[in-house]
Amino acid sequence: MSRFLNFDTLSLHAGQVVDPEYGARAAPIYQTTSYVFPDTDTASSIFNLERGGHAYSRITNPTVGVLEQRIAALEGGSAAICTSSGMAATFCGITAILEQGDHIVASTQMYGGNISLMKNTLPRFGITTTFVDPTDTDGFRKAVQDNTKLIYGELIGNPGLDILDLEAIAKIGADHHIPVMIDATFNTPYLCRCFDYGANMTVHSVTKWMGGHGVAIGGAIVDGGNFDWGATDKYPTITEPYAPFTGINLWDEFGPSAFATRIRAEAMRDFGPSMSPMNAFLLLQGIETLSLRMDKHLSNTMDLLDYLSNHDQVSWVNHPSLPSHTSHELARKYLPKGAGSIVSFGVKGGREAGKAFIENVELASHLANVGDAKTLIIHPATTTHSRIDADALVAAGITEDMVRLSVGLEDVADIKADFENGFRAAKRITKK
Amino acid sequence: MGFRTRQIHAGVTPDPITGAILTPIFQSTTYVQPSVDEYLSKGFTYSRSGNPTVKALELKLADLEGGVDCACFGTGMSAVLAVMLAFLEAGKHAIVSDVAYGGTYRLSTKILSRFGIDYTFADTSNPDAVAASVRENTALILTETPANPTMKCTDIAAISEIARKIRAVHAVDNTFLTPYYQLPFELGADVSIHSTTKYMDGHNATVGGAVISKSDEHAEAVRFIQNSTGTIMSPQVAWLTLQGCKTLSVRMDAQSASAMAIAEFLEAHPKVEQVMYPGLESFPQHELATRQASGYGAMLWFEVKGGLTAGKNLMDNIELWSLAENLGSVESLITHPVTMTHADVEKAERDRVGIIDGLVRASVGLEDTDDLINALAAALEQV
Amino acid sequence: MYFDVGGKQVFATTGGKPFDNSKPTVIFLHGSGLDHTFWGLHSRFFAFRNYAVLVPDLPGHTNSEGPALTSIEAMGDWLNDVIEALDANDVSLVAHSQGCLVALEFASRYPDRLRSVSFIASGLATPVNDVLLNAAENDPEAAIAMMLGWGFGSAGHLHQGPIPGNSMVAGGRKVMRGNVPDALATDLKACNNYKNGVGAAEMVSGPIQVIVAGKDRMAPGKATTELIEHLSDPDVTVIARSGHMVPQEVPDQCRALLKAFIFSNNPAT
């Protein structure tokens, strides 16, 4: 092999060495807690970060390792670490470099869990966040403070679907020596490789499109390997000696994967948000068909956008692929294959009509997840964003009539037929 | 090494690649061969023919049973089927315990009989009855001891002697006592059958079966059927069963001790007509049960005074005990064989072998003995 | 650590232990356009086994002050200056690719300082084709893609390294991006211009180890064979399945070979 492999090949092969003992073609499920060392020298080498290897499945596991390396390969990152959930990935990423007194600049349009983490939880530990509208690129620059250590956003905002101008945001980060971490769950590396536009780390809820079947919760944090931690003294967790490993200097020793190594050495060891081997195996099966599924998600999405835009029970439709969307140009730039399979729309008749719609569709499942192979719908104001106060709700771009749709892989004619039932029920409510 | 050591370590070595202390779950259909010339050099080609995780369980069970080889199956019934297909053919005859599990009875009378195999259902607890059933073409004697659900015991050595004389295979279903309490090969049997679903797994997590052979010749015959019919165990099931086996003896001892206490409680209870548990002195074959096994197991049955109606009443009202099929798990289960496990056996046949309408089968689990007895006492109160 | 060599700042890592020149020394030499991070795991292994470890960035590479040196001969002399500056003793050199040419030059001229030399994935010469030479100056991204594309074997391209979660290709890209165009272009020209391999190889004495990558597309088999022919009694091992980036692609095998060779020829107490 003398050239870089392409996406579909990597999604099938990257990170897996065919089991050398038996030749098993599928990655074995290493459902084990611990590993027997051949000798003490090997044991001490692994513990002292002198060689790769496995000691205890909280830190690393061979099956999880295959998934990690596959995700790193697909993202073009220097290293990936899988976690028990997407939120755990975000938490590990933040705590690897921030501490009491530090500050984050983040987008207002994010998954409710991300907002809650930064608005409610991190302040308890002295980390504060300034939230900026994702369409206000210059607002990110203005929000940077002396103690700002991280810029954070979702490439495709949730639920307004505004697209970050990633290149411009990355430039702001680079100008201030601040890394840019992007939640890339909605785009996946198939639609956009964020490191190509200057992002420094990505986080994923691999529960969603990456896994694709709604069978396992999981997260990943990917180190882009492209941030110069040594350029300032702002990041002592990366550039100063780390006592638990005999004063290791991660930046000197691991360079491009210093950030990921910090998470491995600290978060996975001390917090322990590990992914289970069985979940890693299930998620690997999903990733093998990532591009095939994404293409179908996108074609169904385009079909439904056409259907919804022309439906007289629909008051508005929101998706970056629509020319009317404020982020349409950015979507064409960063997401040329398509801007994801999340659509939001308003049902004429407001809150009650929206509720009637959701209660009368049968094929689409009413639940709080996205990125399943099955079509999902939800009413954000009463579910995913229910713990956020009214002002933040408006800032997050959520209206009471909003239905969020995660377009699945069903035959699109069946999805439309199902929606017709919902719209008829919504119409009856409106007439009363 | 002793049983407790072997139930943990037999068949399992640390993964040579990573050192993983547990055998990985090789959820893989196929195996990449190093080269054409080295085909099969790593031992595996296709997971129907062999799988490293399943292999670990097979090695363990062969070791525990004292056999040369073990083949694992998708279910206990597949294991029974494999034994019948391995040692019988059109024109052959088998003698099967007349209190065999309902599924075995169904397999014999409704399916394999269509392929020209003859069966005699004999009271294997009586060696004379077995000897009287022997024909010129008898090739297999299949016994089950203690039998399900009557708890009737078969003298393994006596039947093995009959089988030896007529050059038939004696297969013993050893599910109820497991090799921890009973070693059929030491008593002369040729093949041992298990539903691993029961005590081997022990946690109601999997369905599986195993056939262990004492000789290479028998092992090859079983392996050939396993590969040809494809009735294999999945790697996930094998892995879970491997974990269950590690506590087999501890569970057996604790559950059997509870069973003894429960049998004594029931025997003394005024509303109970009769109790059958091999550990009770009153058990008709108590001497045989004590002689050929080192424990009595955790299965028993009893009849409530008032017969079927009273028994149903008890099962409908009892708490803690689950009304469910299966046996051998850590959860205590209670079953009504006439309507559940043995519904396929005709009434006349049931009555003949002693599966009376009021028979309530109890699989004693690992809960606190007092809690199990209290639950029975409360339910009997309402009868 | 930083130290002064001929009035310029040189950066080197020391494997996570302070450099102690009373111990036997292991010096790791990186290849074209790379830096100290290439040797991360291996340097740490020796530092924690009682060796003084030095992993310098060549002048003009990553943290060391420039400009980059324009000839292999100059790099050999510079290495001698580094050793003198630190008063390092009982040196075992471990070199990869371009580093091997530097090691040849150094070893042929300063034999007294050496206890052993390990050549990994190298020939007697490293001719560089015009397309790559041109790209290094005018289209660095294309040059990096060629270097990493040819440099890594299947373990690299399939992201199979033994460090859980790590992808060595992306790491290499980041390092090289910091060393283009100047350092990489200068390195490649120096390699291409180096003609003294035969003479230097015949002058090397003492224990010699050669580790050959079976799937090497940067140091072709013929050049490697020539190197082995002109060295005196080298200990040769071929790692059949590795590409050119041996220390990263098959670190466990590479370390085992280095460990056996250096522990026996330059033992630490």
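**Notes on a three-chain predicted model**

1. Let's start with a gap: chain B and chain C are not joined by any contact, and their closest C-alpha atoms lie 10 Å apart. Here two residues are in contact if their C-beta atoms, placed from the backbone, lie within 7 Å. Two pairs of chains are in contact, and of these chains A and C share the most contacts.

2. A word on conventions. This is a predicted model, in which local features need pLDDT of at least 70 and side-chain atom pairs count only at pLDDT 80 or more, while totals for chains, interfaces and linings use all residues. Residues are numbered from 1 along each chain as its sequence is written, and chains are lettered from A and ligands numbered from 1 in the order in which they are written.

3. Now the interface of chains A and C. It takes 41 residues from chain A and 31 residues from chain C. On the chain A side, the elements giving two or more residues are α3 (62-75), β1 (79-83), α10 (250-254) and α11 (258-271); helices (H or I, at least four residues) and strands (E, at least two) are DSSP runs, numbered from the N terminus. The largest share of that side, five residues, is supplied by α3(A). By residue class, the chain A side has 15 nonpolar, 19 polar and seven charged residues. For these classes, Ala, Val, Leu, Ile, Met, Phe, Trp, Tyr, Cys and Pro count as nonpolar, Asp, Glu, Lys and Arg as charged, and the others, Gly among them, as polar.

4. Chain A also touches chain B, through 21 residues of chain A and 23 residues of chain B. On this side of chain A you will find 14 nonpolar, five polar and two charged residues.

5. Within chain A, the domain assignment gives domain 1 (7-287) and domain 2 (291-431); such bounds come from an automatic or database domain assignment. Their centres, taken over C-alpha atoms, are separated by 29 Å. Across the boundary, 30 residues of domain 1 of chain A are in contact with 36 residues of domain 2 of chain A. On the domain 1 side, α1 (7-13), α5 and α8 (188-191) of chain A each supply at least two residues. That side divides into 14 nonpolar, 12 polar and four charged residues.

6. Chain B is likewise assigned two parts, domain 1 (3-245) and domain 2 (248-382). The C-alpha centres of these chain B domains lie 26 Å apart, and 32 residues of domain 1 of chain B meet 35 residues of domain 2 of chain B in contact. On the domain 1 side, α1 (3-9), α4 (102-111) and α7 (178-181) of chain B each give at least two residues. The split there is 16 nonpolar, 10 polar and six charged.

7. A helix pair in chain A deserves a look. The axes of α15 (residues 350-360) and α17 (residues 412-431) of chain A come within 7 Å and cross at roughly 145°. Axes are lines fitted to C-alpha atoms, for helices over the stretch in contact, and angles run from 0 to 180 degrees between N-to-C directions. Among the residues making the contact are Ala353(A), Ala356(A) and Phe357(A) of α15(A), and Gly422(A), Ala425(A) and Ile429(A) of α17(A). The contact residues divide into seven nonpolar, four polar and one charged.

8. Chain C has an open sheet of eight strands with mixed pairing, in the order β1-β2-β4-β3-β5-β6-β7-β8. Two strands pair if DSSP finds at least two bridges between them. The edges are β1 (2-5) and β8 (235-239) of chain C, each of which pairs on one side only. Direction ignored, neighbouring strands are turned by 25° against each other on average. Inside the sheet, β3 (residues 24-29) and β4 (residues 52-56) of chain C run parallel and are joined by three bridges; Val26(C) has Val53(C) as its bridge partner in β4(C).

9. Helices cover this sheet as well. Helix α3 (residues 98-109) of chain C packs on it, touching β3, β5 (89-96) and β6 (114-120) of chain C, with its direction about 145° from that of β5(C). Helix α12 (residues 251-265) of chain C lies across β3, β5, β6, β7 (208-213) and β8 of chain C and runs at about 160° to β6(C).
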